[in-house]
There are 2 protein chains.
Amino acid sequence: MENTIMNFGAGPSKLPREVILGIKDELLSFRGTGMSITEINHRGPDYIEMNNQARDLLRKLLNVPPTHVILFIQGGGQGQFASVPLNLMGRTGTADYLVTGIWSRMASREAMNHGEVNLVIDSDDEKSIPDQKTWKLNPNASYVYYCDNDTIQGVEFPFVPETNDVPLVADMSSSFLTKRVDVSKFGVIFAAAQKNVGTAGVTIVIVREDLLGDAREHCPNVFNYELVNQMDCMYNTPPVFAVYVFYKMLQWIEKQGGVDAMEAQCAEKSKLVYEVLDQSPDFYFIHAERNVRSRINICMHIGSPTGVLELEEKFLKEVEEKKMLQLKGHRFTGGIRISLFNSITMDEVRELLAFIKEFAKKYKPVAKL
Amino acid sequence: MENTIMNFGAGPSKLPREVILGIKDELLSFRGTGMSITEINHRGPDYIEMNNQARDLLRKLLNVPPTHVILFIQGGGQGQFASVPLNLMGRTGTADYLVTGIWSRMASREAMNHGEVNLVIDSDDEKSIPDQKTWKLNPNASYVYYCDNDTIQGVEFPFVPETNDVPLVADMSSSFLTKRVDVSKFGVIFAAAQKNVGTAGVTIVIVREDLLGDAREHCPNVFNYELVNQMDCMYNTPPVFAVYVFYKMLQWIEKQGGVDAMEAQCAEKSKLVYEVLDQSPDFYFIHAERNVRSRINICMHIGSPTGVLELEEKFLKEVEEKKMLQLKGHRFTGGIRISLFNSITMDEVRELLAFIKEFAKKYKPVAKL
């Protein structure tokens with residue numbers, strides 16, 4: 001392996017080697033212009049062409065129907081925590097939130113600044129998702145909001161919520177393009193790029209076109225879906241480099257076989273990891289309940305359900321010596337987090353699993369004492 | 001010259017050759033981590049160190065006093081068109097705007113969504129700035145807003161407005177670090193990076209600390225100066241690459257001799273250009289009045305005050321053949337725009353001026369017929 005570092009970070013996360021090498025190769029001259037992508041006029045033909053190619057390729061890869069528009073917006077996923085209510089809450093003044101983890105909780109809190117928020121689910125353990133039959137959705141809600149995959153606790157929705165025609169809004173930052181989704185079921189899908197599709201600085205927002213045009217008067221123009229759409233994703237100067245890396249990632253995904261290939265690979269990688277962890281259930285304590293385990297972020301403690309700090313520190317120290325990096329859990333939870341974004345290879349997963357087995361063998365007997 | 005392209009674009013604009021080569025050199029391994037700057041955890045020590053170094057170096061270069069905080073925010077200059085009123089208008093519900101060009105006009109229009117806007121100046125020609133003695137400032141305004149340098153019409157404030165203790169807010173996107181300013185006179189200075197200090201995706205916001213804490217309830221958290229400041233510029237995942245390029249530019253500016261050197265060079269470059277243009281006042285028609293001519297963006301028409309299209313097209317075609325690019329005026333105005341950001345060298349200016357003289361010699365006689 002030319003690059004011996006293995007980056008299991010939760011985002012900003014690893015880019016495929018081929019992608020970062022390609023970026024390096026053309027950093028001084030974007031598409032033969034003699035200028036770097038960072039230096040180019042976003043209203044000129046070369047950038048506009050790439051902007052449109054990126055949107056077209058995403059439409060193709062994810063089968064985005066003509067009823068939906070694709071926007072590139074700055075501000076990250078959390079920018080969307082405000083943008084979603086600012087653009088959609090105006091219709092009825094109230095929205096339903098499914099709080100199953102920290103990200104959906106933060107989104108719901110920000111939405112409370114913009115209207116009435118009904119917490120349909122309000123998880124206190126952030127490890128489970130109650131049966132849909134028990135939910136009390138408000139038929140008058142402007143939208144139903146959920147976070148498809150929570151990166152902090154490793155909980156993923158194994159299904160798409162049924163909302164009976166209320167627009168469904170999904171934060172897919174960490175699951176974007178890891179699986180096929182039926183976009184027609186969604187009012188809005190958004191994803192910050194730095195997980196599966198590039199680098200931080202651009203958020204991809206897919207919006208059902210008939211939901212445009214209801215933004216609150218005080219919605220910042222740069223967050224106004226309708227204005228951004230009217231200006232072809234370039235309401236103002238776009239984050240040119242981040243959009244460029246996003247397009248590079250889309251091309252790479254296409255080359256790998258598209259979203260279906262990503263989905264198959266993601267399923268295989270996570271299955272392997274869970275199989276190994278499940279061999280030591282009294283040593284590796286996976287946070288999420290079995291039926292909602294994330295295929296992308298596997299969050300666990302070592303030694304006990306809340307973690308034995310000394311063991312977890314040993315784990316991180318020893319794994320880093322083997323050049324496997326960024327496996328520390330989120331600062332809110334501690335523990336270990338294994339992120340299996342699209343760019344993580346099977347070889348990297350196998351190397352990590354060899355370590356995980358070895359570590360259990362070495363320390364499980366000690367931990368039991 | 002290794003790179004034969006000369007990029008006079010108005011933004012995203014040229015990076016110094018040395019800076020873009022440096023970025024390329026370390027693109028695969030940021031500070032020896034083995035990971036690209038695009039792949040690195042923003043809560044890890046390497047990124048935090050750089051984030052803090054960037055803020056410290058800006059503080060040093062611009063002599064930012066301890067009364068002011070430095071923030072990195074996404075959304076561009078236009079993001080600040082909303083953020084400024086969302087953060088500052090709450091104090092009195094009204095603000096004064098000095099409209100001297102298209103950018104300040106757009107800012108004033110967006111501010112009207114957030115409170116009462118008093119247009120102290122409302123330029124209809126966008127080529128002059130009325131004498132300060134004639135302004136009717138509202139002593140009860142939450143702030144006085146202006147755009148220090150308008151890139152579209154090439155009009156620059158030759159002075160800092162006096163506001164009698166009302167906080168002064170400046171859009172310095174295109175003049176940032178081209179001259180020394182007394183930061184203590186300002187409530188807020190903001191600058192999108194893609195002009196003088198890097199690439200699109202990050203906006204630098206300098207705020208007087210006592211102005212924090214009054215944000216409107218519906219201000220998006222990612223735009224809330226107080227929240228961003230509390231989180232040390234990392235309320236959410238920052239646009240890591242754009243912050244990195246910004247830091248590289250600061251280091252380059254320091255190496256050139258700091259802001260004083262930039263100011264001297266900027267004065268010299270613009271003086272040379274105006275001298276040559278003024279030799280053909282009946283051929284090159286500079287838009288701005290003499291006392292408010294921009295040192296950074298020189299906007300003109302050729303052949304007549306509103307331009308002879310055929311001549312301007314010839315100019316652009318012939319200058320591009322000489323590999324001098326992005327000299328076309330803004331789509332709102334047409335004509336020619338010469339942008340002299342910090343990265344433009346004296347050699348590039350001289351080469352352009354040789355062309356400009358030659359072009360006048362060749363076509364002035366024809367134009368006069």
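Okay, a definition to begin: buried means under 20% relative accessible area, exposed means over 50%, and partly exposed is in between, using a 1.4 Å probe and protein chains only. Ile253(B) is buried, with a relative accessible area of 0%.

Some housekeeping. This is a predicted model, where local features need pLDDT of at least 70 and side-chain atom pairs count only at pLDDT 80 or more, while totals for chains, interfaces and linings use all residues. Residues are numbered from 1 along each chain as its sequence is written, chains are lettered from A and ligands numbered from 1 in the order in which they are written, and side-chain values use heavy atoms, leaving out hydrogens and water.

Back to Ile253(B). It sits in helix H6 of chain B, residues 240-256; helices here are DSSP runs of H or I with at least four residues, strands are E runs of at least two, and both are numbered from the N terminus. What does Ile253(B) touch, not counting residues up to four places away in sequence? Leu61(B), Leu177(B), Asn196(B), Val197(B), Gly258(B), Val259(B), Met262(B) and Asn342(B), where contact means heavy atoms within 4.5 Å. Leu61(B) is 192 residues apart from Ile253(B) along the chain, yet their C-alpha atoms are separated by 8.5 Å.

Now the cores. A nonpolar core is a set of buried Ala, Val, Leu, Ile, Met, Phe, Trp, Tyr and Cys residues joined through side-chain atoms within 4.5 Å. The largest one has 131 residues, and Phe176(A), Ile204(A), Phe176(B) and Ile204(B) touch the most other members. A second, separate core has 64 residues, including Leu212(A), Phe223(A), Ile73(B) and Val84(B).

Next, helix H4 of chain B, residues 102-111. Eight of its 10 residues are buried, among them Trp103(B). The cover over those buried residues includes helix H3 and strands S3, S4, S5 and S6 of chain B.

Trp103(B) leads us to Thr151(B), in the loop between S6 and S7 of chain B. The two side chains make a polar contact of 2.9 Å. By polar contact I mean a pair of N or O atoms within 3.5 Å; within protein, one must be able to donate a hydrogen and the other to accept it, and residues adjacent in sequence count only if both atoms are side-chain atoms. Is Thr151(B) buried or exposed? Buried, because its relative accessibility is 4%.

Over in chain A, Lys195(A) is in the loop between strands S9 and S10. Yes, a lysine, and it counts as buried because its relative accessibility is 13%. Its side chain reaches the backbone oxygen of Ala10(A) at 2.9 Å.

Last, the interface. 58 residues of chain A are in contact with 58 residues of chain B. The area buried between the chains is about 4800 Å², with carbon and sulfur atoms giving 58%; that is the accessible area (1.4 Å probe) that two parts lose on being put together, summed over both. On chain A's side, Lys24(A), Leu28(A) and Glu39(A) lose the most area to chain B, together 13% of what that side buries.

How many salt bridges does the rule find across the interface? Zero, taking a salt bridge as a side-chain nitrogen of Lys or Arg within 4 Å of a carboxyl oxygen of Asp or Glu. The rule does find 17 residue pairs in polar contact, both residues at pLDDT 80 or more. That's my tour, thanks.
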